[in-house]
Structure formats: C-alpha cells, structure tokens
Amino acid sequence: MLIKTLPVGHFETNCYVVTDENTLECAVIDPGAEANTILGYIEDNKLKCTAVMLTHAHFDHIGALEDVLAETGAALYVNRKEEGGSVPGFGSFKAPEGAVFYGEGDTVKVGSLEFKVMETPGHTPGGVTLVCGDAIFSGDTLFRGSCGRTDFPGGDMKLELQSLKRIAALEGDYDVYPGHDLSTRLSIERAYNPYMRHAIEHM
C-alpha cells in the first residue's frame with residue numbers, strides 16, 4: 001500500500017491517494033481542492049482511481065470532488081447523514097446521483113486493499129473513519145494532539161469523545177492520517193492526546 005498525502009487548498013486539507021502497488025488501482029480520500037494537483041499525481045503515476053471516499057462533506061474536503069469524479073469515473077462513497085450538512089456561509093452538501101452511501105461495518109475494496117468503515121460522528125453527524133491495513137484515515141475526528149471542532153451545525157462534543165474512545169479501542173497500533181496537519185501514531189494519541197485520554201477515562 002502506497003499512501004500519498006496532498007495538502008490542498010487554503011485550509012491545507014490532507015487529500016490522500018492510496019494505491020495498491022500491484023494493480024495500480026487507487027482511492028482518493030477527501031479531494032478538498034486543487035483538482036489538477038490530485039489528477040496530475042494520478043496521471044503521472046499511471047494510476048486508475050476506482051473510488052473516491054469522503055470522511056465527511058465539509059466544503060474544505062469536497063472542493064475538487066466534482067472534477068475528480070468527472071475525470072476518473074470513480075464511484076463516490078459517503079455517509080448518508082452528511083447530506084444537508086454545512087458550514088455557515090459555504091452552502092450545504094448534496095450527494096451526486098450514483099453516490100454509494102456507506103456506514104458502520106461496510107468495506108470498500110480497491111484492488112487488494114480493503115477499507116473498513118467506522119462511523120465516528122461528532123465533528124459532523126455522518127463522519128467516518130476509514131481503516132485500511134495498519135493505517136487509519138480519521139478525517140476531522142482525530143488530529144495529532146487534538147480533535148475536530150464541534151461548534152458547527154450538527155457538531156456534538158459528546159459524540160466526538162465517544163468516537164475518539166472507539167478509535168482508541170482498536171486493537172494494536174496504527175498510523176493515523178488526519179484531515180489536517182501531520183500524521184501520527186495511535187499509540188501516541190492514546191498516551192498524550194488530552195481529548196482521547198479524557199474519552200478513554202470518562203466516556
């Protein structure tokens with residue numbers, strides 16, 4: 001599995017291109033902006049994008065969605081609870097026709113890679129965390145040393161903490177790839193992230 005991190009847009013949202021190195025099939029996670037950057041990486045490396053997956057549908061995670069879908073013909077996966085969600089001043093999300101709505105326990109296959117879906121609401125009602133091999137794509141649920149804000153419409157800090165506790169309870173250790181900022185390790189977040197520690201001890 002090859003993971004390419006592309007920080008895109010004004011908010012430097014981490015778009016991830018995750019590739020099965022044997023088949024060159026790839027998934028794009030959270031195409032937030034700069035479609036040319038994302039598509040250029042796919043083209044330069046002769047990849048075939050078969051899935052676009054959203055951890056959630058805030059504007060800074062979907063800015064390049066339409067162009068990436070149009071150019072690749074990939075299937076879109078998103079949690080149905082994200083429909084109608086918004087950040088004030090940036091409109092609301094409506095899934096395009098043909099979108100696949102995924103939820104807790106679902107699996108998306110890309111080549112030999114399998115992405116398992118965990119529903120992790122809190123930052124948004126339909127936020128998900130994607131687990132693939134020893135990697136976690138946590139969107140805006142879990143950050144290095146922090147967690148997603150919950151003051152936007154649909155946010156809920158109690159649900160956010162419950163989601164952090166669920167992630168912390170995963171067996172073993174994982175590389176964590178968040179929606180913004182640097183990657184981290186789950187073992188480090190269990191030990192030092194104040195939000196995750198609170199969730200573990202009190203939720």
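Which side chain of opposite charge is nearest to Asp30, and how far away is it? I began my notebook with that one, keeping in mind that this is a predicted model.

**Entry 1: Asp30**

I looked for a charged partner and found that the nearest side chain of opposite charge is Arg149, 16 Å away. Asp30 is buried yet has no salt bridge. I checked the burial too: the relative accessible area of Asp30 is 1%, and buried means under 20%, so Asp30 qualifies.

Next I asked where Asp30 sits along the chain. I found Asp30 in the loop that runs from strand 3 (25-29) to helix 1 (35-44). The backbone caught my eye as well, since Asp30 has a positive phi of about 60° although it is not a glycine.

Then I went through the surroundings. The side chain of Asp30 has a polar contact of 2.9 Å with the side chain of His61. Setting aside residues up to four places away in sequence, I listed Asn14, Cys15, Met53, Leu54, Thr55, His56, His61 and Gly139 as residues that Asp30 touches.

**Entry 2: Asp140**

His61 led me on to another aspartate. The side chains of Asp140 and His61 make a polar contact of 3.2 Å. I also noted a polar contact of 3.4 Å between the side chains of Asp140 and His56.

Is Asp140 buried or exposed? Its relative accessibility is 7%, so I wrote it down as buried. Asp140 lies in the loop between strand 10 (135-139) and strand 11 (142-143).

Leaving out neighbours within four places in sequence, I found Asp140 in contact with residues including His123, Cys147, Gly148, Glu160, Gly179 and His180. I took one C-alpha distance here: Asp140 and Thr150 are ten residues apart along the chain and 10 Å apart in space.

**Entry 3: Gly148**

Gly148 was on the contact list of Asp140, and I followed it up. Gly148 belongs to the loop between strand 12 (146-147) and helix 4. With a relative accessibility of 1%, Gly148 counts as buried.

Beyond its neighbours within four places in sequence, Gly148 contacts His123, Asp140, Thr141, Phe143 and Glu160. From Gly148 to Gly122 the C-alpha distance is 7.9 Å, with their positions 26 residues apart in sequence.

**Entry 4: helix 4**

Glu160 pointed me to helix 4, where I found Glu160, Leu161, Ser163, Leu164, Ile167 and Ala168 buried. Seen down the helix axis, these buried residues fall within an arc of 160°, so they line one face of helix 4. That pattern has a plain background: an α-helix has 3.6 residues a turn, so residues three or four places apart point the same way.

I also checked the length. Helix 4 (residues 157-168) has twelve residues and should span 16 Å at 1.5 Å a residue; its end C-alpha atoms are 16 Å apart, which agrees.

What caps the N-terminal end of helix 4? I found Asp156 there, with a side-chain oxygen 3.0 Å from the backbone nitrogen of Lys158.

**Entry 5: helix 1 and Lys46**

Last, I went back to helix 1. Its buried residues are Ala35, Ile38, Leu39, Gly40, Tyr41 and Ile42. They pack against strand 1 (2-8), strand 2 (13-19), strand 3, strand 4 and helix 3 (65-72).

Just after helix 1, I noted that Lys46 takes a positive phi of about 55°. Lys46 is in the loop between helix 1 and strand 4 (48-53). I recorded Lys46 as exposed, with a relative accessible area of 66%, whereas Asp30 is buried.

Conventions: Residues are numbered from 1 along each chain as its sequence is written. This is a predicted model: local features need pLDDT of at least 70, side-chain atom pairs count only at pLDDT 80 or more; totals for chains, interfaces and linings use all residues. Side-chain values use heavy atoms; hydrogens and water are left out. Helices (H or I, at least four residues) and strands (E, at least two) are DSSP runs, numbered from the N terminus. Buried means under 20% relative accessible area, exposed over 50%, partly exposed in between (1.4 Å probe, protein chains only). Lys and Arg count as positive and Asp and Glu as negative; His and the chain ends are not counted. A salt bridge is a side-chain nitrogen of Lys or Arg within 4 Å of a carboxyl oxygen of Asp or Glu. A polar contact is a pair of N or O atoms within 3.5 Å; within protein, one must be able to donate a hydrogen and the other to accept it, and residues adjacent in sequence count only if both atoms are side-chain atoms. Contact means heavy atoms within 4.5 Å. The expected span of a helix is 1.5 Å times one less than its number of residues. The arc is that of the directions from the helix axis to the C-beta atoms.
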